[in-house]
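I am opening a fresh notebook page for this structure. My plan is to look things up one by one and jot down what I find.

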Amino acid sequence: RGYLDTIKVGAADQLRIYAQILNVPFAIVRSREEWNVAQAKLGHINHILVDCPGFNLRTMEEVEWLKEMIPPAEMDRRLHYVQSVLARDEETFDIAARYQMIGFHDVIFTRLDESSRQGLILNFQDKFKVPVHSFGLGNRIPEDFEFATKERVVDFMFKLSHRPKREDTHG
C-alpha cells in the first residue's frame with residue numbers, strides 16, 4: 001500500500017495498521033522519485049493501493065501536484081475514485097469532474113451501511129459513464145468490502161435484499 005496523504009494527523013499510522021491487518025507491505029511516498037524505489041521493492045506485488053489526500057482540486061496547483069504524485073503511468077496504474085454515498089449529488093459531481101482531469105477508471109462507493117438512499121450510485125454512473133468497482137459496507141477490513149456486480153448494484157438501488165443494520169460497537 002502506498003501512502004501520499006502526509007497532511008492528516010494520524011492517517012499514516014491508521015493505514016499502517018490496516019496494512020498489518022491485511023498482511024500487506026506499507027510505504028510512504030513523498031516525491032515522484034520515491035515511486036521508483038517503491039516499484040523496485042514492490043515489483044512482485046500485483047496491486048498497490050494508494051491513499052491520497054482528499055483534495056477538492058480547486059486550484060491547478062493541487063491538480064498538478066496530484067498528477068505528479070500518483071503512480072507513474074508506466075506502472076500500469078488503474079485509478080479508482082472513492083465516493084461516500086452520503087454526499088449530495090451536486091457536490092459529488094463538482095468534485096468528481098475536477099478529478100476527471102487526472103482520470104479515473106471506476107468508482108468505489110463507501111458508507112452504504114449508513115445510508116438508506118443509494119441514488120447517487122445510479123446518478124454517478126449516468127454522469128461519468130464509469131463502472132462501479134466495489135462497495136464499502138462498514139468499518140471492518142476486509143469483511144465489509146464487496147466487489148460490485150450488476151446484480152448487487154440493482155439490489156442496493158431497489159433494496160431487494162435485507163442488509164442487517166450496523167452493529168453498535170460502543171457497548
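**Entry 1: a surface spot**

I began with Val 24, which sits in the loop between α1 (11–22) and β2 (27–28). My element names follow DSSP runs numbered from the N terminus, with helices being H or I of at least four residues and strands being E of at least two. A note to myself on the source: this is a predicted model, so local features need pLDDT of at least 70 and side-chain atom pairs pLDDT 80 or more, while totals for chains, interfaces and linings use all residues. Residues are numbered from 1 along each chain as its sequence is written, and side-chain values use heavy atoms, with hydrogens and water left out.

Is Val 24 buried or exposed? I found it partly exposed, at 38% relative accessibility. My scale calls a residue buried under 20% relative accessible area, exposed over 50%, and partly exposed in between (1.4 Å probe, protein chains only).

Val 24 shares a nonpolar surface patch with Ile 17, Ile 21, Leu 22 and Ile 141, and together they have about 380 Å² of accessible area. Patch members need over 30% relative accessible area and no salt bridge; nonpolar side chains (Val, Leu, Ile, Met, Phe, Trp, Tyr) are joined within 5 Å, and like charges within 9 Å. The areas come from the Shrake-Rupley method with a 1.4 Å probe, and for residues only the protein chains shown count as cover.

**Entry 2: the whole chain**

Next I stepped back. I see six helices and seven strands, and from the N terminus on they run β-α-β-α-β-α-β-α-β-α-β-β-α. The protein has 171 residues, of which 33% count as buried. It exposes about 11,300 Å², with carbon and sulfur atoms supplying 52% of that. I also looked up contacts (heavy atoms within 4.5 Å): among those between residues at least 6 apart in sequence, 65% join residues at least 24 apart.

**Entry 3: helix α6**

Which residues of α6 (residues 150–158) are buried? I noted Arg 152, Val 153, Asp 155 and Phe 156. Seen down the helix axis, the buried residues of α6 fall within an arc of 160°, so they line one face. That arc is taken from the directions from the helix axis to the C-beta atoms. The face turned away from the buried side of α6 carries the exposed residues Lys 150, Glu 151 and Phe 158.

What do the buried residues of α6 pack against? They meet α5 (119–128), β6 (132–136) and β7 (145–147). After α6 comes Lys 159, with a positive phi near 50°.

**Entry 4: aromatic rings**

I counted rings of Phe, Tyr and Trp (its six-membered ring) as a pair if their centres lie within 6.5 Å; planes under 30 degrees apart are stacked, over 60 edge-to-face, and the rest tilted. That gives 10 aromatic pairs. In one of them, Phe 104 and Phe 124 have ring centres 6.3 Å apart and planes at 35°, so this pair is tilted. Phe 104 is in the loop between α4 (89–99) and β5 (106–110), while Phe 124 is in helix α5, 20 residues away. Both Phe 104 and Phe 124 are buried.

Phe 135 and Phe 156 make an edge-to-face pair because their planes stand at 65°, with centres 4.6 Å apart. With Phe 135 in strand β6 and Phe 156 in helix α6, this pair ties together parts 21 residues apart in sequence. Phe 135 is buried at 0% relative accessible area, and Phe 156 is buried at 1%.

I also found one aromatic cluster, made of Tyr 81, Phe 93, Tyr 99, Phe 104, Phe 109, Phe 124 and Phe 128.

**Entry 5: salt bridges**

My rule here is a side-chain nitrogen of Lys or Arg within 4 Å of a carboxyl oxygen of Asp or Glu. How many salt bridges does that give? The count is 11.

Back in α6, Asp 155 and Arg 152 meet in a salt bridge of 2.4 Å, N to O. They are three residues apart, so about one helical turn separates them, and both Asp 155 and Arg 152 are buried.

In α4, Arg 98 and Asp 94 are bridged at 2.9 Å, N to O. Arg 98 is buried at 12% relative accessible area, whereas Asp 94 is partly exposed at 37%. My last note is that Arg 58, Asp 94 and Arg 98 are linked in a network of salt bridges.
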